[in-house]
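Below is a short report on one protein model. It covers the fold, the metal site and the charged contacts.

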Amino acid sequence: MPIYEYRCQDCQTRFEKLLLRSADAAELACPNCGRKRLTQELSVFAAHSAASRPAASACPSAAACPNAGVCGMN
Ligand SMILES: [Zn+2]
C-alpha cells in the first residue's frame, strides 16, 4: 500500500497520503495552510508493517515445517 508521509515546509504540518496514482502527488497540498511546498518523508506506517511481518508467514508446507507450533500454520 503506497502510503507516503509529507511535511509542509511552511507550517510544519505532517500528514500521510495514500497515492493511487503518481500524478496525485502533483495535486497534493497542505491540509492546514493549503500550500504545496511539501517534503516527502519515509512512511513510518509502511516501514513498520514490513518489519513486523512474521518471517514464518512464508512457510510453504506446514507438514515439513521445521518450526512446528511456532509459525502458527500447523
Ligand atoms: Zn502547511
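The text starts with the basis of the model and then works through its parts.

## Basis

This is a predicted model: local features need pLDDT of at least 70, side-chain atom pairs count only at pLDDT 80 or more, and totals for chains, interfaces and linings use all residues. Residues are numbered from 1 along each chain as its sequence is written, and side-chain values use heavy atoms, with hydrogens and water left out.

## Fold

The protein chain holds one helix and three strands. Both kinds of element are DSSP runs, numbered from the N terminus: helices are H or I with at least four residues, strands are E with at least two. Read from the N terminus, the order is β-β-β-α.

Of the 74 residues in the protein chain, 18% count as buried. Buried means under 20% relative accessible area, exposed means over 50%, and partly exposed lies in between (1.4 Å probe, protein chains only). Among contacts with a separation of 6 or more, 32% come from residues 24 or more positions apart. A contact here means heavy atoms within 4.5 Å.

## The sheet

The three strands make an open sheet in the order β2-β1-β3, with antiparallel pairing. Two strands pair if DSSP finds at least two bridges between them. The edge strands are β2 (14-18) and β3 (38-41), and each pairs on one side only. Neighbouring strands are turned by 35 degrees against each other on average, direction ignored. The axes behind this angle are lines fitted to C-alpha atoms, for helices over the stretch in contact, and angles run from 0 to 180 degrees between N-to-C directions.

Five bridges join β1 to β2. Four bridges join β1 (residues 3-8) to β3. Glu-5 has a bridge partner in β2, Glu-16. Glu-5 also has one in β3, Glu-41. Tyr-6 has Gln-40 as its bridge partner in β3.

β1 and β2 form a hairpin with five residues between them. Gln-12 lies in the loop between these strands. Its phi is positive, about 65 degrees, although Gln-12 is not a glycine. Gln-12 is partly exposed, at 44% relative accessible area.

## The zinc site

Which residues hold the zinc ion? The protein donors are Cys-8, Cys-11, Cys-30 and Cys-33, each through SG, lying 2.3 Å from the ion. Donors are N, O and S atoms within 2.8 Å of the metal (3.2 Å for Na, K and Ca); water is not among the atoms, so sites may look incomplete.

The angles among the four donor atoms are 103 to 123 degrees, and the site is tetrahedral. Four donors count as tetrahedral if all angles lie between 85 and 135 degrees. The ideal angle for four tetrahedral donors is 109.5 degrees.

The donor spacing in sequence is C-x2-C-x18-C-x2-C. Cys-8 in strand β1 and Cys-30 in the loop between β2 and β3 are 22 residues apart, so this pair links distant parts of the chain. Cys-8 is buried, with a relative accessible area of 0%. Cys-30 is buried too, at 4%.

## Salt bridges

The structure holds five salt bridges. The criterion is a side-chain nitrogen of Lys or Arg within 4 Å of a carboxyl oxygen of Asp or Glu. The table gives three of them.

| Pair | Closest N to O distance |
|---|---|
| Arg-14 and Glu-5 | 2.7 Å |
| Arg-14 and Glu-41 | 2.8 Å |
| Arg-35 and Asp-10 | 3.4 Å |

Arg-14 meets Glu-41 in a salt bridge. The pair links distant parts of the chain: Arg-14 is in strand β2, Glu-41 in strand β3, 27 residues apart. Salt bridges that share partners join Glu-5, Arg-7, Arg-14 and Glu-41 into one network. Within it, Arg-14 is exposed at 52% relative accessibility, whereas Glu-5 is buried at 8%.

Arg-35 and Asp-10 meet in another salt bridge. Arg-35 lies in the loop between β2 and β3 and Asp-10 in the loop between β1 and β2, so the pair ties together parts 25 residues apart in sequence. Asp-10 is partly exposed, with a relative accessible area of 28%.

Note on methods
Four donors count as tetrahedral if all angles lie between 85 and 135 degrees; four count as square planar and six as octahedral if opposite donors are over 155 degrees apart and all others between 65 and 115; anything else is irregular.
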